[in-house]
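Here is a short briefing to read alongside the sequence and the 3D view. Keep the structure open and follow along topic by topic.

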Amino acid sequence: MEEKKIVYQNNKIIPESILNEAKIALSYYPDLEDIEIEFRFKEDIKKSFMQAQPKVSNLFKGKDSRSYYIFMSSKFLIEEEEFSMADVPSDVLIGWLGHELGHIMDYREKSAMGLVIFGMRYVTSSRYIKEAERAADTYAVNSGMGDYIIATKDFILNHSHLSESYKERIARLYLSPEEILVLVNELEERLEEAEKEES
Ligand SMILES: [Zn+2]
């Protein structure tokens with residue numbers, strides 16, 4: 001059965017089951033208000049739970065007229081146990097969506113050709129993956145989503161339902177909770193300094 005989809009901000013298409021979480025995550029990204037994003041469940045995402053990518057059909061239309069997908073896996077890592085969106089706590093889901101929106105912020109800065117090259121390197125180079133994941137988390141933390149991002153990391157790294165190979169992949173390629181805390185602290189220091197300058 002097709003899930004009901006809601007149009008939000010005139011340009012976001014969101015499945016009803018994640019509407020609240022998506023709205024909260026989007027509220028941290030006012031820069032994305034005019035950007036078209038379709039959140040869509042997909043059966044066969046390779047190796048990840050969610051994936052943000054530009055729509056190929058309007059990739060070359062110019063940075064501001066591009067639109068994006070956030071694909072989400074309805075079922076995840078079916079090894080011995082099945083793991084679905086319904087098993088994910090709300091805060092973790094918000095953090096996950098916030099991370100994907102961070103990828104879109106990063107994609108917005110790139111040219112179309114840059115994105116094509118990025119797509120190819122992302123598949124072949126683990127150094128490139130690390131850089132992209134760091135960029136996404138950095139956008140999310142700097143947007144004020146640090147607590148959510150940490151909740152998501154903790155969930156992934158400590159959740160017994162996820163396979164060891166997935167946890168190992170996350171630990172190898174993604175920022176650790178400690179690295180996220182460093183970003184949060186840096187942000188706090190910058191904000192404090194900005195406040196000092198203002199007063
Ligand atoms: Zn990512």
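Where is the place of L32? L32 sits in the loop between α1 (19-27) and β3 (36-42). Please bear in mind that this is a predicted model. The points below begin with that loop, then take up the sheet, the zinc site and the helices.

**The loop between α1 and β3**

- L32 has a relative accessibility of 0%, so it counts as buried.
- L32 also has a partner from far along the chain: its C-alpha atom is separated by 8.4 Å from that of L101, although the two are 69 residues apart in sequence.
- Y28 lies in this loop as well, between α1 and β3.
- With a relative accessibility of 27%, Y28 counts as partly exposed, because the partly exposed class starts where buried, under 20%, ends.
- Y28 and A140 are 112 residues apart in sequence, yet their C-alpha atoms are 8.2 Å apart in space.

**The sheet**

- Five strands make up an open sheet, and its order is β1-β2-β3-β5-β4 with mixed pairing.
- Which strands stand at the edges? They are β1 and β4 (50-54); each has a single partner strand, so one side of each is left without a neighbour in the sheet.
- From one strand to the next, the twist averages 25°.
- At one edge, β1 pairs with β2 in the antiparallel sense over 4 bridges, and I6 stands opposite I14 in β2.
- At the other edge, 5 bridges join β4 to β5 (residues 67-73), and these two strands run antiparallel. Here M50 stands opposite M72 in β5.

**Two faces of β4**

- The side chains of β4 alternate along the strand. M50, A52 and P54 point to one face and are buried.
- Q51 and Q53 point to the other face and are not buried.
- Why does such a pattern arise? In a regular strand the side chains alternate between the two faces of the sheet.

**The turn from β1 to β2**

- Q9 is found in the loop between β1 (5-8) and β2 (12-15), and N10 lies in that loop too.
- Both residues have a positive phi without being glycine: the value is near 55° for Q9 and about 70° for N10.
- Q9, at 28% relative accessibility, counts as partly exposed.
- N10 has a relative accessible area of 76% and is exposed, because exposed begins over 50%.

**The zinc site**

- Which protein atoms are the donors of the zinc ion? They are NE2 of H99, NE2 of H103 and OE of E133, lying 2.0 to 2.1 Å from the ion.
- Along the sequence, the donor residues follow the spacing H-x3-H-x29-E.
- H99 in helix α2 (residues 90-108) and E133 in helix α4 (residues 126-158) are 34 residues apart, and this pair links distant parts of the chain.
- H99 and E133 are buried.

**How the helices pack**

- The axes of α2 and α4, the helices that hold H99 and E133, come within 7 Å and cross at roughly 160°.
- Are α2 and α4 roughly parallel or roughly antiparallel to each other? An angle over 145 degrees counts as roughly antiparallel, and α2 and α4 are therefore roughly antiparallel.
- α2 passes α4 in a left-handed crossing, and the residues of their contact divide into 15 nonpolar, 6 polar and 4 charged.
- The axes of α1 and α2 come within 9 Å and cross at roughly 50°.
- α1 and α2 are therefore oblique to each other, and their crossing is right-handed.

**A further contact of α4**

- D154 lies in helix α4 and counts as partly exposed at 34% relative accessibility.
- The C-alpha atoms of D154 and S176 are separated by 9.0 Å, and the two residues are 22 residues apart along the chain.

Terms used
Residues are numbered from 1 along each chain as its sequence is written. This is a predicted model: local features need pLDDT of at least 70, side-chain atom pairs count only at pLDDT 80 or more; totals for chains, interfaces and linings use all residues. Side-chain values use heavy atoms; hydrogens and water are left out. Buried means under 20% relative accessible area, exposed over 50%, partly exposed in between (1.4 Å probe, protein chains only). Donors are N, O and S atoms within 2.8 Å of the metal (3.2 Å for Na, K and Ca); water is not among the atoms, so sites may look incomplete. Axes are lines fitted to C-alpha atoms, for helices over the stretch in contact, and angles run from 0 to 180 degrees between N-to-C directions. Angles under 35 degrees count as roughly parallel, over 145 as roughly antiparallel, 65 to 115 as roughly perpendicular and the rest as oblique. A crossing is left-handed if the near helix is turned anticlockwise from the far one by less than a right angle, and right-handed if clockwise. Ala, Val, Leu, Ile, Met, Phe, Trp, Tyr, Cys and Pro count as nonpolar, Asp, Glu, Lys and Arg as charged, and the others, Gly among them, as polar. Two strands pair if DSSP finds at least two bridges between them.
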